[in-house]
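Notebook open, coffee poured. I'm jotting down what I look up as I go.

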Amino acid sequence: MLDIKWKNNRKKIVITILVLLVCVLITMAFFPSINCIGQANLEEVKLDSEEAYSKETVDEDFMENLYKGCYVLYQEEVERKSGEQVTGSELFIESYPGKEELAETEGDTKDAADSFIDEVIEEWSRIFEEYRSGVDYCVIGEDDKTASNTNTGNPLEEVTEYTSSIEELSGNYVEIFGIRFDENGVMEVKPYFSRVSTRGDEIIKKLGQIDRKNLLETTYTDNFGESYQLRLEKPKDFQVVFAIPANSIYADAMYDGNNDFYNQYGSYLNAYSNAGAKFLYAAVAIYLTAFAFFMSSRKIWKDDVMVHRPGKCYLMEAALIGVFIVLCMQDTLVELIWQQNYRSFAEISNATHTKGTYEVLSSLFGCACFLFCVYAAWYVSVYFLRPFFSLGMKQYVREYSFIYQIFPWLKKKWKKFMDEIHHVDFSEKSTKTIVKIVVLNFIVLSLLSFLWAFGIIALGIYSVVLFYLLKKNYEKIRKDYQTLLQGVNRIAEGDLNTVITEDLGVFEPFRGELVKIRSGFKKAVDEEVKSQRMKTELITNVSHDLKTPLTAITTYVELLKKEDITEEERRSYIETLEKKSLRLKMLIEDLFEVSKASSNNIVLNPIELDVVNLMKQVSIEHVDKIHEKGMELRWIVAEEKVIVKLDNQKTYRIFENLFGNVQKYAMPNSRVYVEVKTTENMVEIVMKNMSAEELNINAEEITERFVRGDSSRNTEGSGLGLAIAKSFTEAQGGKFHIEVDGDLFKAVLEFPLA
């Protein structure tokens, strides 16, 4: 299928090329007839204005530029004879005032003066180059060799000797005159032919009036401020014949009042347009348009025609530009006809003998190639505009327009740019964003500067747009500020659950800070509430724990006052009083320890001690009561000593409270694990046991004051044991925390090794 489609496409390409070639040949076939009619139209215009033409004077600038051309042609003639390249300074400044002074100066100054003269001659050559295409000339050499731009098509070299030659040439030229320089450089002007009898004398007069003194003399100033008067030498033993062709744009441009190049160009354009040149091109364009519609018809070519865009070829703009360029080239195409100045096919044949076959054929071939390119551009442009009629404007623009493809990209970039402006992060440097704004403004102003006077109007529009954008951005910033202010006010009023959901634009970085502030306030409030709750519980627990032994002491004191009690009862009451007083003493001591820890008033006397040995000493005091409850103490410790620099008394109290906690709250008939692990610079002590009561308390709260694992408070204890252990541990640079996993209770201590 693809092979068949490729063959069909190749067939269409071949057909298209053949049709374009036929159009080129047909167009060029009409050139001779249009040239005849165009020249006739020009003759009518010239005859109608012959009276005005006879009153016009020769243009001084035109004649001055031809005079400069004599120097250019003289240099070319010298180079032709010598076979070597000659510079203007070598040829025209053999002697001049100041030359001797220059010769005595440094070489750089002399070279600079020569370069200055070379530049003058090069400028004259550039000016004369514009005349070569519209003015014929023939340099008469002493060796009977001539240099001419007519290629012997018009024998100008014969006008100096044969009057009959002048009569033959009179039909092709409006002016023929010669300029001769003798061996001393004296100029002689000789008119050979002019359509107006008085014109020859006027040409002599105009060339004689040229201010050759100012033209040939100039002042050169070197880098040191020294001035030198330079004068150009005149050509010597040199003769040139100039002829102005009747069909040249300079035929009228050499005269005052009729020397506007564009006016003459317009005369030729009107003459050849009226001869049918533009009609010819319009007919070919219409035919190629119809042919393009034919080649893109799906009814004729079925599925071989690509209605939708092929690949990534977005060619709508290119097609429109192509059509526009070809339409603007109508005048160039008309000019193409009068440049091929042949009025019949016989003239073309004769020209091959006079000008040479190569020159004639190369000129015609170049013309054909140019026409082929123009027609091909028109055909391709129309071919890619054709889908507009099948797809409709909207779909055609979407598929074929390159600008439409980049518009979403530009829109995306613009949106990203505006979003970047609206969300400037003031916590970071904004240099990149500022540079983007400045560069964009520079580009806009640069484009406006190319509009000349219209740039003022465009600048006004740009200012209005800029004002609108600034006002819009200012309003958004003000709105974002109000939103931020409202959120801050709600937090200030105590609404710590407020959340700002709106986009804050340039204030967006403050959203995170507000979240931090809100979280900090909530944490502070929660801590305060917790502190108040703990104070209340502290008062309640202290009152309860102090009231219980005091009540017992008061009760037994009253019992001791009775006289009817036995001695055995008295001893029992005294023992109870002793226990309750010791209980009260321990509670008060714990309160003092906690108070010191809270005020950072703990006095430490650190020494190097073996924590494993210390723990075993403490466990001996509690082992009997632990065994009474059927619990088994398991030690997982290293054989070597674990030396830590700690306060012996405070550390002893830590372990005593931990073993006391095990004794009170561990499940009877269970195992208690004591594990000591060391790392490179830390020692970790872990005590694990199963709780007798269900642990429904937070592991963090269990180290608070007066908090017990036994929430019913049936066991003995102040509830300050773990709080004291934590305070003493942290006071010595260690870490203490509780882990609860179901009924598993784990106390973990960490100390830095000595």
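Which strands and helix do the buried residues of H26 pack against? I looked up the contacts in this predicted model. The partners are strands E8 (606-610), E9 (632-636), E10 (643-647), E11 (671-678) and E12 (682-690), plus helix H27 (648-665).

Next I listed who does the packing. The buried residues of H26 are Val-611, Val-612, Leu-614, Met-615, Val-618, Ser-619, His-622 and Ile-626. I kept the helix rule in mind: with 3.6 residues a turn, residues three or four places apart in an α-helix point the same way.

Then I checked the geometry of H26. It covers residues 611-628, 18 in number, and spans 26 Å from first C-alpha to last, close to the 26 Å expected at 1.5 Å a residue. I also found a bend of about 50° at His-622, a residue on the buried list.

Moving to the surface, I pulled up a nonpolar patch made of Val-435, Val-439, Phe-442, Ile-443, Leu-447 and Phe-450. Together they have about 630 Å² of accessible area. Phe-450 sits in the loop between helix H22 (431-449) and helix H23 (454-492). I asked whether Phe-450 is buried or exposed. Phe-450 is exposed, because its relative accessible area is 62% and the cut-off for exposed is over 50%.

Last, I noted the totals. The protein has 28 helices and 14 strands, and 38% of its 754 residues are buried. About 44600 Å² is exposed, with carbon and sulfur atoms supplying 57% of it. Of the contacts between residues at least 6 apart in sequence, 72% join residues at least 24 apart.

Note on methods: Residues numbered from 1 in each chain as written. Predicted model: local features only at pLDDT ≥ 70, side-chain atom pairs only at ≥ 80, totals over all residues. Heavy atoms only, no water. Patch = residues over 30% accessible without salt bridge, like charges linked within 9 Å, V, L, I, M, F, W, Y side chains within 5 Å. Areas by Shrake-Rupley, 256 points an atom, 1.4 Å probe, with all protein chains shown as cover. Salt bridge = Lys/Arg side-chain N within 4 Å of Asp/Glu carboxyl O. Helix = DSSP H or I, 4+ residues; strand = E, 2+ residues; numbered from the N terminus. Buried < 20%, exposed > 50% of the residue type's maximum accessible area, 1.4 Å probe, protein only. Expected span 1.5 Å × (residues − 1). Bend = angle between axes of the 7 residues up to and from the residue. Contact = heavy atoms within 4.5 Å.
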